[in-house]
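I opened this entry to keep a record of what I looked up, in the order in which I looked.

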Amino acid sequence: MKITKGTYKGAEYACLTFHYAHAVPTCQHIYNVWNDQDEWCGVIIYGSGATPHIADCFDKWHGQVLELVRVALNGKQGHGNTSTAVAMTLKAIKREAPWVDLIVSYADIDQDHVGTLYQATNWIYTGVKNADSRGAFIVFGKKTHPKSIYSKGWKQSLLWLRENVDPNAEEFITKGKHKYLYPMTKEMRERVKILEVPYPKKESKESE
């Protein structure tokens with residue numbers, strides 16, 4: 001397996017084709033992932049994340065904290081190799097952007113994710129965020145992120161959407177996301193270690 005610097009065009013294709021969100025996040029560092037047969041498997045992307053205040057709670061300036069915003073792979077990397085690919089990109093970030101002190105990422109509970117990938121690469125787990133909050137709107141039967149609502153020139157209001165766009169619009173209440181931190185320095189690890197709680201486990205369905 002190897003990684004190489006990626007392009008926005010490749011990131012766009014991978015995100016729209018391989019990732020369940022079918023959306024392209026803001027990209028700052030894009031890495032192609034190649035398997036041992038030299039087949040392109042998709043991309044891993046780091047960016048500024050959904051909030052401009054991602055670094056505030058850590059007393060850092062914006063560029064010192066990044067979010068792992070997409071792991072958009074087609075499965076050809078092989079079983080268990082996704083964590084290897086992520087570990088390789090973290091090392092690349094450390095070389096290419098030594099000012100970065102912390103990486104943040106999330107596992108979507110609505111997608112039944114617990115963050116197995118992050119657990120395999122020794123991230124620090126800090127709990128569930130934004131549970132029971134409005135995660136999106138359902139417009140014309142499709143879950144639509146509030147940022148997409150805004151980009152269309154619509155108001156992020158259920159009443160407004162029902163009156164002006166779709167009378168059957170609904171709010172999507174999210175179960176929240178598991179939050180993980182990957183400190184890039186010993187100092188930052190010591191700072192965030194106090195936030196650590198035990199890793200969540202995926203509930204196994206009882207066989208009938």
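**Entry 1. A partly exposed tryptophan.** I began with Trp40, which at 25% relative accessibility counts as partly exposed. The model is a predicted one, and I kept that in mind for every value below.

I then looked for ring partners of this residue. Phe18 and Trp40 have ring centres 6.0 Å apart and planes at 45°, so I noted the pair as tilted. Phe18 is in helix α1, residues 8-18, and Trp40 is in strand β3, so the pair ties together parts that are 22 residues apart in sequence. Phe18 also counts as partly exposed, at 25% relative accessibility.

**Entry 2. A residue of α1 in contact with Trp40.** I checked Ala14, which lies in helix α1. Is Ala14 buried or exposed? Its relative accessible area is 0%, so I entered Ala14 as buried. Leaving aside neighbours within four places in sequence, I found Ala14 in contact with His19, Trp40, Gly42, Val43 and Ala72. I also took the C-alpha to C-alpha distance from Ala14 to Asn74: 8.0 Å in space, with their positions 60 residues apart in sequence.

**Entry 3. Other aromatic pairs.** How many aromatic pairs does a search of the whole structure find? I got 9.

One of them is Tyr180 with Tyr199. Their ring centres are 6.1 Å apart and their planes are at 40°, so this pair is tilted. Tyr180 is in strand β10 (residues 177-183) and Tyr199 is in the segment after α6 (186-192), so the pair ties together parts that are 19 residues apart in sequence. The two rings have their own entries for burial: Tyr180 is buried, with a relative accessible area of 0%, whereas Tyr199 is partly exposed, with 32%.

I followed these two tyrosines outwards. Tyr180 and Tyr199 belong to one aromatic cluster together with Tyr118, Trp123, Tyr125 and Tyr182.

**Entry 4. Charges over rings.** I listed two cases. The charged end of Lys2 sits over the ring of Trp34, 5.7 Å from its centre. The charged end of Lys143 sits over the ring of Phe172, 4.3 Å from its centre.

**Entry 5. Nonpolar cores.** In soluble globular proteins, nonpolar side chains tend to be buried together, so I looked for such sets here. The largest nonpolar core has 23 residues, and Tyr46, Leu68, Ile93 and Ile103 touch the most other members. Which elements supply at least two residues each to this core? I noted β2 (29-34), β3 (40-47), β4 (65-73), α2 (81-96) and β5 (102-108). The largest share, 5 residues, comes from α2.

Another core, of 10 residues, lies apart from this one. Leu102, Ile124, Leu181 and Met188 are among its members.

**Entry 6. A residue of α2.** I picked Asn81, which lies in helix α2. At 28% relative accessibility, Asn81 counts as partly exposed. I took its C-alpha to C-alpha distance to Val192 and got 27 Å, for two residues 111 apart in sequence.

**Entry 7. Positive phi.** Most residues other than glycine have a negative phi, so I searched for exceptions. Where is Asp59 found? I located Asp59 in the loop between β3 and β4. Its phi is near 55°, a positive value in a residue other than glycine. At 65% relative accessibility, Asp59 counts as exposed.

I then turned to Phe140, in the loop between β7 (133-139) and β8 (142-144). Phi of Phe140 is near 50°, again positive in a residue other than glycine. Phe140 counts as exposed, at 59% relative accessibility.

**Entry 8. Whole-chain totals.** I left these for the end. The protein has 6 helices and 10 strands. Of its 208 residues, 40% count as buried. A compact globule with 208 residues would have a radius of gyration near 17 Å, and the 18 Å of this protein agrees with that. I put the span of the C-alpha trace along the principal axes at about 50 × 45 × 40 Å.

For contacts with a separation of 6 or more, residues 24 or more positions apart account for 68%. The accessible surface comes to about 12,200 Å², and 50% of that belongs to carbon and sulfur atoms.

Note on methods
Residues are numbered from 1 along each chain as its sequence is written. This is a predicted model: local features need pLDDT of at least 70, side-chain atom pairs count only at pLDDT 80 or more; totals for chains, interfaces and linings use all residues. Side-chain values use heavy atoms; hydrogens and water are left out. A nonpolar core is a set of buried Ala, Val, Leu, Ile, Met, Phe, Trp, Tyr and Cys residues joined through side-chain atoms within 4.5 Å. Buried means under 20% relative accessible area, exposed over 50%, partly exposed in between (1.4 Å probe, protein chains only). Helices (H or I, at least four residues) and strands (E, at least two) are DSSP runs, numbered from the N terminus. Rings of Phe, Tyr and Trp (its six-membered ring) pair if their centres lie within 6.5 Å; planes under 30 degrees apart count as stacked, over 60 as edge-to-face and the rest as tilted. A charge sits over a ring if NZ of Lys or CZ of Arg is within 6 Å of the ring centre and within 35 degrees of the ring normal. The radius of gyration is taken over C-alpha atoms; the globule rule is 2.2 Å times the number of residues to the power 0.38. Contact means heavy atoms within 4.5 Å. Accessible areas come from the Shrake-Rupley method with a 1.4 Å probe; for residues, only the protein chains shown count as cover.
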